[in-house]
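User: I'd like to go through this protein with you and ask how each label was earned. Could you show it to me first?

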Amino acid sequence: MEVQGRIKMIDETKTYGNNGFRKREVVVTTEEQYPQHILVEFIQDKCDLLDSYQVGQQVKIGINLRGREWTNPQGEVKYFNSIQGWRIENLEGAANTENMPPVPPMEAFEPADDLNEEDHDDLPF
């Protein structure tokens with residue numbers, strides 16, 4: 001799955017527990033009629049993927065949905081969901097078409113006058 005939008009916030013990498021579990025959060029605001037602020041977690045070595053990004057950039061993030069069950073001390077079962085990122089891509093460079101040559105107008109193309117529909121071709125369509 002993917003989420004696409006503009007980076008609203010990038011948190012610092014935080015370390016938890018004795019094993020050195022690392023987590024870093026980013027909030028992406030979608031650009032649709034009703035914008036959503038989506039919190040995405042990057043964990044362990046994936047935290048470093050956010051180093052080259054900054055607030056305001058347009059990105060696409062590859063995500064996995066994660067869910068877990070927890071029983072509290074009173075015996076009640078609770079469920080939690082998280083969105084984990086595993087890839088992030090800058091979309092601003094992809095939209096840059098400055099170096100692409102312009103498409104010629106339709107008048108620049110000559111119609112084929114010698115077309116014979118009876119001729120055999122090997123095209124599959």
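Analyst: Happy to. Let's start with a term: a polar contact is a pair of N or O atoms within 3.5 Å; within protein, one must be able to donate a hydrogen and the other to accept it, and residues adjacent in sequence count only if both atoms are side-chain atoms. Please keep in mind that this is a predicted model, where local features need pLDDT of at least 70, side-chain atom pairs count only at pLDDT 80 or more, and totals for chains, interfaces and linings use all residues. Residues are numbered from 1 along each chain as its sequence is written, and side-chain values use heavy atoms, with hydrogens and water left out.

User: What makes the pairing of Asn-72 with the backbone nitrogen of Gln-74 a polar contact?

Analyst: A polar atom of the Asn-72 side chain lies 3.0 Å from that nitrogen of Gln-74, and the limit is 3.5 Å, so the distance fits.

User: Where is Asn-72, and why is Asn-72 called buried?

Analyst: Asn-72 sits in the loop between strand E5 (58-71) and strand E6 (77-90). Strands here are DSSP runs of at least two residues (E), and helices are runs of at least four (H or I), numbered from the N terminus. Buried means under 20% relative accessible area, exposed over 50%, and partly exposed in between (1.4 Å probe, protein chains only). Asn-72 has 9%, so buried is the right word.

User: Why is the pair of Trp-70 and Phe-80 called tilted?

Analyst: The structure holds one aromatic pair, formed by Trp-70 and Phe-80 at 6.3 Å centre to centre, with 55 degrees between the planes. Rings of Phe, Tyr and Trp (its six-membered ring) pair if their centres lie within 6.5 Å; planes under 30 degrees apart count as stacked, over 60 as edge-to-face and the rest as tilted. At 55 degrees the pair is therefore tilted. Trp-70 lies in strand E5 and Phe-80 in strand E6, so the pair ties together parts ten residues apart in sequence.

User: How do you know that Trp-70 and Phe-80 are partly exposed?

Analyst: Trp-70 has a relative accessible area of 39% and Phe-80 has 38%. Both values fall between 20% and 50%, so each residue is partly exposed.

User: What makes Arg-6 and Glu-31 a salt bridge?

Analyst: A salt bridge is a side-chain nitrogen of Lys or Arg within 4 Å of a carboxyl oxygen of Asp or Glu. Arg-6 and Glu-31 come to 3.1 Å, N to O, so they qualify. Arg-6 lies in strand E1 (residues 2-10) and Glu-31 in the loop between strand E3 (21-29) and strand E4 (37-43), so the pair joins parts 25 residues apart in sequence. Arg-6, Glu-31 and Glu-92 are also linked in a network of salt bridges, and the structure holds eight salt bridges.

User: Is Glu-31 buried or exposed?

Analyst: Glu-31 is exposed, because its 53% is over 50%. Arg-6, at 33%, is partly exposed.

User: How do you know that Asp-48 and Arg-22 meet in a salt bridge?

Analyst: Their N to O distance is 3.4 Å, within the limit of 4 Å. The pair links Asp-48 in the loop between E4 and E5 with Arg-22 in strand E3, 26 residues apart.

User: What does the secondary structure come to?

Analyst: There are zero helices and six strands, following the pattern β-β-β-β-β-β along the sequence.
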